[in-house]
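Student: I would like to learn how to read strands, helix faces and salt bridges from a model. Could we take them one at a time?

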Amino acid sequence: MGRQVKLKLWSRIAYVDLVHEMAERLARSARFSKEGALNIGLAVREAVINAIKHGNGNDASKKVEVAFEQNANVFRVRVMDEGHGFDWEHTRDPRDPENIFRSSGRGIFFMKHFVDHVDFQRRRGHGTEVILEKRLETASRAGRGANDTRRRKS
């Protein structure tokens with residue numbers, strides 16, 4: 001059995017720092033390193049910003065729901081908006097020369113680099129659900145260096 005924490009917030013950018021901090025704290029309590037927890041927090045931050053701006057169109061009367069889940073293997077965060085959603089399949093690669101100086105378009109790129117798995121789903125009726133996952137086994141190895149050859153005992 002795992003644990004779960006849910007937040008339901010109005011679509012206001014002012015709440016982004018709160019959600020980011022909560023994501024980091026929950027990740028630290030799941031035994032991720034400080035750097036690993038920061039990466040999870042940044043991925044969640046980007047997902048929430050996308051939900052507010054692109055999903056809900058900055059409509060403060062709509063809500064964003066954030067659900068943190070942990071089981072034996074995975075730390076998972078679900079970010080859901082109430083808007084029309086957005087087209088995640090046609091985002092521009094921020095590394096392309098024509099996109100380098102664009103002020104937006106990096107959120108999905110960052111999410112994919114900060115966690116192990118990112119999935120997008122259209123919600124029945126309306127909105128988008130972004131699912132971010134980070135394997136917990138990564139957290140247990142966080143203190144080991146790249147050349148660490150220690151083996152686990154069977």
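The dialogue below takes up a strand, a helix and a set of charged side chains in turn.

Tutor: Before we begin, please keep in mind that this is a predicted model. Let us start with strand β5, which covers residues 128-135.

Student: How many of the eight residues of strand β5 are buried?

Tutor: A residue counts as buried when its relative accessible area is under 20%. Seven of the eight residues of β5 meet that description, so the strand is largely enclosed by the rest of the structure.

Student: Which strands pair with β5, and in which sense?

Tutor: Strand β3, made of residues 74-81, pairs with β5 in the antiparallel sense over seven bridges, and strand β4, made of residues 117-122, also pairs with β5 in the antiparallel sense, over six bridges. To find your place in the first pairing, look for Val77, whose bridge partner in β5 is Leu132; in the second, Arg122 has Thr128 of β5 as its bridge partner.

Student: How many residues lie between β4 and β5 in their hairpin?

Tutor: Five residues separate the two strands of this hairpin, and in the turn you will find Gly125, which has a positive phi of about 100 degrees.

Student: Let us turn to the helix. Which residues of helix α3 are buried?

Tutor: Within α3, which runs over residues 107-114, the buried residues are Gly107, Ile108, Met111 and Phe114. When the helix is viewed down its axis, these buried residues fall within an arc of 135 degrees, so they line one face of α3. The face turned away from that buried side carries Lys112 and His113, which are exposed.

Student: What do the buried residues of α3 pack against?

Tutor: They pack against α2, which spans 34-55, and also against β4 and β5, so the β5 strand that we found to be largely enclosed is among the partners of this helix.

Student: Now the charged side chains. How many salt bridges does a search of the whole structure find?

Tutor: The search finds eight. One of them joins Asp116 and Lys134, with 3.6 Å from N to O. Asp116 lies in the loop between α3 and β4, whereas Lys134 is in strand β5, so the pair ties together parts that are 18 residues apart in sequence.

Student: Is each partner of that bridge buried or partly exposed?

Tutor: Asp116 is partly exposed, with a relative accessible area of 31%, while Lys134, at 13% relative accessibility, counts as buried.

Student: Which residues are linked in a network of salt bridges?

Tutor: The network links Glu69, Arg76, Arg78, Glu129 and Glu133. Within it, Glu69 forms a salt bridge with Arg76, the closest N and O atoms being 3.3 Å apart, and the side chain of Glu69 also meets that of Arg78 in a salt bridge of 2.9 Å, N to O. Glu69 is buried, with a relative accessible area of 15%, whereas Arg78 is partly exposed at 22%.

Student: Where is Arg76 placed, and what surrounds it?

Tutor: Arg76 belongs to strand β3 and counts as buried, at 17% relative accessibility. Its side chain makes a polar contact with the side chain of Glu133, at 2.6 Å. Leaving aside neighbours within four places in sequence, Arg76 is in contact with Ala67, Phe68, Glu69, Asn71, Ile131, Leu132 and Glu133.

Methods
Residues numbered from 1 in each chain as written. Predicted model: local features only at pLDDT ≥ 70, side-chain atom pairs only at ≥ 80, totals over all residues. Heavy atoms only, no water. Buried < 20%, exposed > 50% of the residue type's maximum accessible area, 1.4 Å probe, protein only. Helix = DSSP H or I, 4+ residues; strand = E, 2+ residues; numbered from the N terminus. Pairing = 2+ DSSP bridges. Arc of directions from axis to C-beta. Contact = heavy atoms within 4.5 Å. Salt bridge = Lys/Arg side-chain N within 4 Å of Asp/Glu carboxyl O. Polar contact = N/O pair within 3.5 Å; in protein donor to acceptor, adjacent residues only side chain to side chain.
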